[in-house]
Amino acid sequence: NAPQISLTRGEFLTVTTDFSFLGDKSKIAINYPSLPETVDSGTTILLAGGTCVLTVLSVDAPAGEVKCRVENAAVVEPYQIVNIPGVAIKEVASVTAKDRTDMESF
């Protein structure tokens, strides 16, 4: 399981699309492969239902990483909601492979 992470205002945090990465104080993973193509420098990312505000500083699309500045102290836990205000979200799979298998075998 990924750990609970305490973030401090002014820290730098890398957000990766490599969902196998468990996360630490310097890098967390989100399950949204199109993130680097969706955001630009200056974009706001809200983690943990909006309790943690990040500002995008740079994007490394080939690496699937976005470098951000933490704008407020917050605690981030695994599997919390991520929002990107004012940005059109690209495809997000709402039905998983397991969901399809379950529906087919019902």
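This passage describes the fold, the sheet, the nonpolar core and the salt bridges of a single chain, as seen in a predicted model.

The chain contains two helices and seven strands, and its elements, read from the N terminus on, follow the order β-β-β-α-β-β-β-β-α. Of the 106 residues of the chain, 30% count as buried. The accessible surface comes to about 6500 Å², and carbon and sulfur atoms contribute 53% of this area. Among the contacts in the chain with a separation of 6 or more, 49% are made by residues that lie 24 or more positions apart.

Five of the strands form an open sheet, arranged in the order β3-β2-β6-β5-β4, in which the pairing is mixed. Strands β3 and β4 are the edges of this sheet, each of them pairing on one side only, and from one strand to the next the twist averages 35°. At one side of the sheet, β2 and β3 pair in the parallel sense over three bridges, and within this part of the sheet V15 stands opposite I28 in β3. Strand β2 is also joined to β6, with which it runs antiparallel, through five bridges; T16, for example, has E65 in β6 as its bridge partner. Strand β6 is in turn joined to β5 by six bridges, again in an antiparallel arrangement, and here the bridge partner of V56 is C68 in β6. The strands β5 and β6 form a hairpin with four residues between them, in which G64 takes a positive phi near 70°.

The side chains of β6 alternate along the strand. V66, C68 and V70 point to one face and are buried, whereas E65, K67 and R69 point to the other face and are not buried. For two of the residues on this second face the degree of exposure can be stated: E65 has a relative accessible area of 22% and is partly exposed, and R69, with a relative accessible area of 31%, is likewise partly exposed.

In soluble globular proteins, nonpolar side chains tend to be buried together. In the present model, the largest nonpolar core has 20 residues, and those with the most contacts inside this core are L35, I45, L47, C52 and L54. The elements that give two or more residues to the core are β1 (5-7), β2 (12-16), β4 (44-47), β5 (52-60), β6 (65-70) and β7 (74-76). The surroundings of L47 illustrate how residues from separate places in the sequence meet: when its neighbours within four places in sequence are left aside, L47 is in contact with L13, I28, C52, L54, V76, I81 and V82.

The loop between β2 and β3 includes S26, which counts as partly exposed at 44% relative accessibility. With its neighbours within four places in sequence set aside, S26 is in contact with F12, L13 and T14. The C-alpha atoms of S26 and L13 are 4.9 Å apart in space, although these residues are 13 positions apart in sequence.

The count of salt bridges in the model comes to three. One of them is formed by the side chains of K25 and E11, with a distance of 3.2 Å from N to O. Because K25 lies in the loop between β2 and β3 (27-29) and E11 in the loop between β1 and β2, this pair ties together parts of the chain that are 14 residues apart in sequence. K25 is itself partly exposed, its relative accessible area being 39%.

A salt bridge also joins the side chains of E65 and K27, where the distance from N to O is 2.7 Å. This pair links distant parts of the chain, since E65 belongs to strand β6 and K27 to strand β3, and the two residues are 38 apart in sequence. K27 counts as partly exposed at 22% relative accessibility. The remaining salt bridge is formed by the side chains of R69 and E71, at 2.9 Å from N to O; E71 is partly exposed, with a relative accessible area of 24%.

Terms used
Residues numbered from 1 in each chain as written. Predicted model: local features only at pLDDT ≥ 70, side-chain atom pairs only at ≥ 80, totals over all residues. Heavy atoms only, no water. Core = buried A, V, L, I, M, F, W, Y, C linked by side-chain atoms within 4.5 Å. Buried < 20%, exposed > 50% of the residue type's maximum accessible area, 1.4 Å probe, protein only. Contact = heavy atoms within 4.5 Å. Salt bridge = Lys/Arg side-chain N within 4 Å of Asp/Glu carboxyl O. Areas by Shrake-Rupley, 256 points an atom, 1.4 Å probe, with all protein chains shown as cover. Pairing = 2+ DSSP bridges. Axes fitted to C-alpha atoms, helices over the stretch in contact; angles between N-to-C directions.
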